[in-house]
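Here is a short report on a single chain. It moves from one residue to the core and then to the overall dimensions.

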Amino acid sequence: MRYELVLQAGAPGAPFDAGRVDALLAARPGAVRPEGVREWLLAHGGVEVLPLRDGKRVVGTELRVPLEARPDLLREVLAEAAILAREAGARLFDPQLGQVLTAADTEQVVAQYLRTEAYARTAKPMETTPGLAEAMARAERLDRRLSSEGMAMPTRLVLFAVGGFAILFFVMRYLMDKLNGE
């Protein structure tokens, strides 16, 4: 689990200059992993950096801080990201708080980070789709029961009736043609 921050364009609706942010990040310590995620190394730990896309368009840069009860790492990330945002002409946004961050917001972000970390640590893990295992087991039992029975009785009766009427129709048509002399 991670706590996410976003570097966005300096003004709402303005285009995001991803190339400038990438160039500024390349000058900082870290490396790009094979899957394209940049690892930004700071004094208190590493942060994942990757482009934030809307369809094919890059609309920001995402900073992923690991949830490890390390508020010093988050404080350092906030300070360095604020410098990076100022140099790139961007703004730093916290999606969890839903606001653009300033230097005065540091402790508010740290408090939210610690709440999120405590929840992630203590909350019971949830399966991807609640009830999916039970639904799949029931479907498997139903499938086994249906496959051993073959076709259901009402279905057999309907098919038998349709087939009987079709045969009767063609026999009557043949006899009517014979009767009319065709």
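In which strand is Gln8 found? The model is a predicted one, and it places Gln8 in strand β1.

**Gln8 and Phe93**

Is Gln8 buried or exposed? Gln8 counts as buried because its relative accessibility is 19%, and the cut-off for buried is under 20%. Neighbours within four places in sequence are left aside in the contact lists that follow. Gln8 touches Phe16, Val59, Ala90, Arg91 and Phe93.

Phe93 belongs to strand β6. Contacts of Phe93, beyond neighbours within four places in sequence, include Gln8 along with Leu5 and Val6. Gly98, Gln99 and Val100 are also in contact with Phe93. Phe93 and Glu62 are 31 residues apart in sequence, and their C-alpha atoms are 9.6 Å apart in space.

**The nonpolar core**

In soluble globular proteins, nonpolar side chains tend to be buried together. Here the largest nonpolar core has 30 residues. Tyr3, Leu5, Leu63, Val65, Leu74 and Leu92 have the most contacts inside it. Elements that each supply at least two residues of this core include strands β1, β3, β4, β5 and β6. Helices α1, α2 and α3 do so as well. The most comes from α2, with eight residues.

What does Leu74 contact, leaving aside its neighbours within four places in sequence? Leu74 meets Tyr3, Leu5 and Val65. Val109, Val110 and Tyr113 are in contact with Leu74 too.

**The chain as a whole**

The chain has five helices and seven strands. From the N terminus, their order is β-α-β-β-β-β-α-β-β-α-α-α. A compact globule of 182 residues would have a radius of gyration near 16 Å, whereas this chain has 32 Å. Along the principal axes, the C-alpha atoms fill a box of roughly 100 × 45 × 30 Å.

Some whole-chain values follow.

| Property | Value |
|---|---|
| Residues that count as buried, of 182 residues | 27% |
| Contacts joining residues at least 24 apart, among those at least 6 apart in sequence | 59% |
| Exposed area of the chain | about 12,300 Å² |
| Share of the exposed area from carbon and sulfur atoms | 61% |

Charge comes last. The chain carries 23 positive and 24 negative side chains. The centres of these two sets lie 5 Å apart.

Conventions: Residues are numbered from 1 along each chain as its sequence is written. This is a predicted model: local features need pLDDT of at least 70, side-chain atom pairs count only at pLDDT 80 or more; totals for chains, interfaces and linings use all residues. Side-chain values use heavy atoms; hydrogens and water are left out. Helices (H or I, at least four residues) and strands (E, at least two) are DSSP runs, numbered from the N terminus. The radius of gyration is taken over C-alpha atoms; the globule rule is 2.2 Å times the number of residues to the power 0.38. Buried means under 20% relative accessible area, exposed over 50%, partly exposed in between (1.4 Å probe, protein chains only). Contact means heavy atoms within 4.5 Å. Accessible areas come from the Shrake-Rupley method with a 1.4 Å probe; for residues, only the protein chains shown count as cover. Lys and Arg count as positive and Asp and Glu as negative; His and the chain ends are not counted. The place of a charge is taken as NZ of Lys, CZ of Arg, CG of Asp or CD of Glu. A nonpolar core is a set of buried Ala, Val, Leu, Ile, Met, Phe, Trp, Tyr and Cys residues joined through side-chain atoms within 4.5 Å.
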